[in-house]
Amino acid sequence: MARVEVLSAYRAVIRATRKSFAGDTPMLKGAAAEVRKKFEENRHVTSEAEIQSLLEQAREASRFISEMIVQAKLNPRGGYEVKPEKDHAGATLEVPSEELLRTKS
């Protein structure tokens with residue numbers, strides 16, 4: 001039973017990344033590699049309680065990626081546009097300031 005749940009959780013996270021990062025090949029590849037790495041790191045977990053905790057984390061990651069991540073797209077005017085979908089309803093939008101972006105570069 002746990003194997004089926006694990007595969008289902010893995011697929012859900014991958015689907016969420018494919019939807020959120022559609023058209024952004026580097027992000028798609030990076031996200032898929034990171035998801036696989038996280039699941040591989042926990043491949044040998046046998047404790048049912050720990051497996052259930054990891055599955056809940058995967059479900060939460062899937063929800064977070066689907067509901068909280070929106071990619072901004074460069075528009076013809078040189079700015080970025082964000083087009084949230086119905087999955088993002090109720091989420092708060094925090095747009096990073098130019099100052100914050102400079103400090104993270």
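**Figure 1. The order of helices and strands along the chain.** Read along the sequence, this protein follows the pattern α-α-α-β-β-α. Counted up, its secondary structure comes to four helices and two strands. Please keep in mind as you look around that this is a predicted model. The protein has 105 residues, and 16% of them count as buried. Among contacts with a separation of 6 or more, 47% join residues that are 24 or more positions apart. The views that follow visit two of the helices, three of their buried residues and a pocket.

**Figure 2. Helix H1 and its two sides.** Let us start with H1, a helix of 19 residues. From its first C-alpha to its last, H1 reaches 27 Å, close to the 27 Å expected at 1.5 Å a residue. The buried residues of H1 are Ala9, Val13, Ile14, Ala16, Thr17 and Ser20. These residues cover an arc of only 155° around the axis, which puts them on the same side of H1. A general feature of helices helps here: an α-helix has 3.6 residues a turn, so residues three or four places apart point the same way. On the face of H1 turned away from the buried side, look for the exposed residues Arg3, Val4, Arg15 and Arg18. As for partners, the buried residues of H1 pack against H2 and H3.

**Figure 3. Ser20, a buried residue of H1.** Here we move in on Ser20, which has its place in helix H1. With a relative accessible area of 12%, Ser20 is buried, because buried means under 20%. Which residues does Ser20 contact, leaving aside its neighbours within four places in sequence? They are Ile65, Ser66, Ile69 and Gln71. Ile65 in this list lies in helix H3, the subject of the next view.

**Figure 4. Helix H3 and its buried face.** Helix H3 runs over residues 48–68 and has 21 residues. Its span from first C-alpha to last is 29 Å, close to the 30 Å expected at 1.5 Å a residue. Which residues of H3 are buried? They are Ile51, Leu55, Ala58, Ser62 and Ile65. Seen down the axis of H3, these buried residues fall within an arc of 90°, so they line one face of the helix. That buried set packs against helix H1 (2–20) and helix H2 (25–41).

**Figure 5. Ser62 and what it touches.** Ser62 has its place in helix H3. Is Ser62 buried or exposed? At 14% relative accessibility, Ser62 counts as buried. Not counting residues up to four places away in sequence, Ser62 touches Ala12, Val13 and Ala16. Two of these, Val13 and Ala16, are among the buried residues of H1. You can also look from Ser62 across to Ala9: the two are 53 residues apart in sequence and 8.1 Å apart in space, C-alpha to C-alpha.

**Figure 6. Ile65 and its contacts.** Ile65 lies in helix H3. This residue is buried, with a relative accessible area of 12%. Setting aside neighbours within four places in sequence, Ile65 is in contact with Val13, Ala16, Thr17 and Ser20. Val13, Ala16, Thr17 and Ser20 also appear among the buried residues of H1. For another pair to find in this view, try Ile65 and Arg18, which are 47 residues apart along the chain. Their C-alpha atoms are separated by 9.8 Å. Arg18 is one of the exposed residues on the face of H1 turned away from its buried side.

**Figure 7. The largest pocket and its lining.** The last stop is an open space at the protein's surface atoms, found by calculation: rolling a probe the size of a water molecule over the atoms shows where empty space is left. The largest pocket has a volume of about 750 Å³. Its lining is made up of 22 residues, and Val6, Lys38, Phe39, Glu40 and Asn42 lie nearest the centre. H1, H2 and H3 each supply at least two residues of this lining. Which helix gives the most to the lining? The answer is H3, with seven residues. Sorted by class, the lining has 14 nonpolar, two polar and six charged residues.

How values were computed
Residues are numbered from 1 along each chain as its sequence is written. This is a predicted model: local features need pLDDT of at least 70, side-chain atom pairs count only at pLDDT 80 or more; totals for chains, interfaces and linings use all residues. Side-chain values use heavy atoms; hydrogens and water are left out. The expected span of a helix is 1.5 Å times one less than its number of residues. Buried means under 20% relative accessible area, exposed over 50%, partly exposed in between (1.4 Å probe, protein chains only). The arc is that of the directions from the helix axis to the C-beta atoms. Contact means heavy atoms within 4.5 Å. On a 1 Å grid over the protein atoms alone, a cavity is a set of points where a 1.4 Å probe fits but cannot get out, and a pocket is an open set with protein on both sides within 12 Å along at least five of seven lines; lining residues have an atom within 4 Å of a point. Grid points are joined across faces, edges and corners, and a volume is the space filled by probe spheres set on the points. Ala, Val, Leu, Ile, Met, Phe, Trp, Tyr, Cys and Pro count as nonpolar, Asp, Glu, Lys and Arg as charged, and the others, Gly among them, as polar.
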